[in-house]
Amino acid sequence: MNRTVPFVVVAILASSLGCKEDVAKGDALARVDDSVLTVQEFNADIPLEYAMSLTPVQKMAFVQTWINTELLYQEAIRQGFDEDRRIAARLKQIERELLANEFLQRELVGKTNVSIQEAQLFFQQHESEFNTEIKIAQILVSSQDTANALLARIKGGADFAELAKQHSLDPSREAGGVLDYIRRGDMASTPEREDAAFALKKPGQISDVIENRYGYYIVKLIARRRLPKPAKFEDVSDRVRNMLLVRRQKEIFEVLIDGLRAKAEIEVHPELLAPYSPAPFVKPEGSR
């Protein structure tokens, strides 16, 4: 059976496919010509905890979405869309990303559990940070050389906000790189940046260059203040465990990638990207 459902049509539809030969007669929930949506596929596509909360009307809306998608899919095939080279390339990219993500998820299963004891220990070691919120400004650039040059200018007295407006790739550049107050765990997806920000103790203090998956950051502490009510572990336990989970996943990912890199032959030619890159940052003459 050929049943492909675009992500843009309904996000919850999964890619689990069944074989019609294995489907017992009478299990067809919906049919469009020769394509069948079975009860088994319906149950596989919708997580049980979610399906149990759906009303009959919502479940039938799912079925109608499948029917509409199948109609569009079959018409696209009749019109030869599957033979379009651009579409074939996009499908290949989707397949590549889907398989890579599925492999990674299976590698992470069972390896990223965070116990309550681990979370409590982390909280105890960083309790003062969980009782504090900070306001920071940041500059994000794509090149370490640019980040180093900007950091040198900042240390030499250049205005952080002006450099953020001129060079930062982050949306906060319009406000001179300034963000709203943040608490420990608000930047869990980029632990390097969060650790560096909370390590700054005095307003005006500047971090070193921080590298992460988005590029190279420079962070400035604007203000620091204590929370009106001290945080208890029970109040932030989910936040702490999420932080540690992200860190553990990152560690496992890096070990996995390093191992795969060691077994592969990899070539990179960054010079071919030069025509598509902005001009490199050059420190103006006479600047400190």
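Residues are called buried when their relative accessible area is under 20%, exposed when it is over 50% and partly exposed in between, with a 1.4 Å probe and protein chains only. On that scale, Asp 33 counts as exposed because its relative accessibility is 55%. The structure described here is a predicted model, in which local features need pLDDT of at least 70 and side-chain atom pairs count only at pLDDT 80 or more, while totals for chains, interfaces and linings use all residues. Residues are numbered from 1 along each chain as its sequence is written, and side-chain values use heavy atoms, with hydrogens and water left out.

The protein has 10 helices and six strands; these are DSSP runs numbered from the N terminus, with helices being H or I of at least four residues and strands E of at least two. Of the 288 residues in the protein, 33% are buried. Contact is taken as heavy atoms within 4.5 Å. Of the contacts between residues at least 6 apart in sequence, 70% join residues at least 24 apart.

Asp 33 sits in the loop between β1 and β2. Although Asp 33 is not a glycine, its phi is positive, at about 55 degrees. A positive phi, of about 80 degrees, is also taken by Gly 80, just after α3.

Helix α3 covers residues 56-78, 23 residues in total, and spans 33 Å from its first C-alpha to its last, close to the expected 33 Å. The expected span is 1.5 Å times one less than the number of residues in the helix. The buried residues of α3 are Phe 62, Val 63, Trp 66, Thr 69, Glu 70, Tyr 73 and Gln 74. An α-helix has 3.6 residues a turn, so residues three or four places apart point the same way. The cover over the buried residues of α3 includes β1 (28-32), β2 (35-38) and α1 (39-45).

A helix pair comes next. Helix α4 (residues 85-108) packs against helix α10 (residues 233-263) at an angle of about 115 degrees, and the two axes are 11 Å apart. Here axes are lines fitted to C-alpha atoms, for helices over the stretch in contact, and angles run from 0 to 180 degrees between N-to-C directions. From α4 the contact uses Phe 103, Leu 104, Glu 107 and Leu 108, and from α10 it uses Gln 249, Ile 252, Phe 253 and Leu 256. By class, six of these residues are nonpolar, one is polar and one is charged; Ala, Val, Leu, Ile, Met, Phe, Trp, Tyr, Cys and Pro count as nonpolar, Asp, Glu, Lys and Arg as charged, and the others, Gly among them, as polar. Val 109 lies in the loop between α4 and α5 (116-125), and at 62% relative accessibility Val 109 counts as exposed. The C-alpha atoms of Val 109 and Gln 249 are 10.0 Å apart, with their positions 140 residues apart in sequence.

The aromatic residues offer a picture of their own. Rings of Phe, Tyr and Trp (its six-membered ring) pair if their centres lie within 6.5 Å, with planes under 30 degrees apart counted as stacked, over 60 as edge-to-face and the rest as tilted. Four aromatic pairs are found in a search of the whole structure. The pair of Phe 122 and Phe 130 is edge-to-face, because the ring centres are 6.4 Å apart and the planes lie at 80 degrees. Phe 123 and Phe 130 make a tilted pair, at 5.5 Å centre to centre and 45 degrees between the planes. Phe 122 and Phe 130 are both buried, and Phe 123 is buried as well. Together with Phe 233, these three phenylalanines form one aromatic cluster.

Ile 154 belongs to helix α7 (residues 144-155) and, at 10% relative accessibility, counts as buried. Beyond its neighbours within four places in sequence, Ile 154 is in contact with Ile 139, Phe 160, Leu 163, Ile 206 and Ile 218. Ile 154 and Ile 218 are 64 residues apart in sequence, and their C-alpha atoms are 9.8 Å apart. Glu 211, in strand β5 (residues 210-212), is in contact with Glu 192 and Tyr 216 when neighbours within four places in sequence are left aside.
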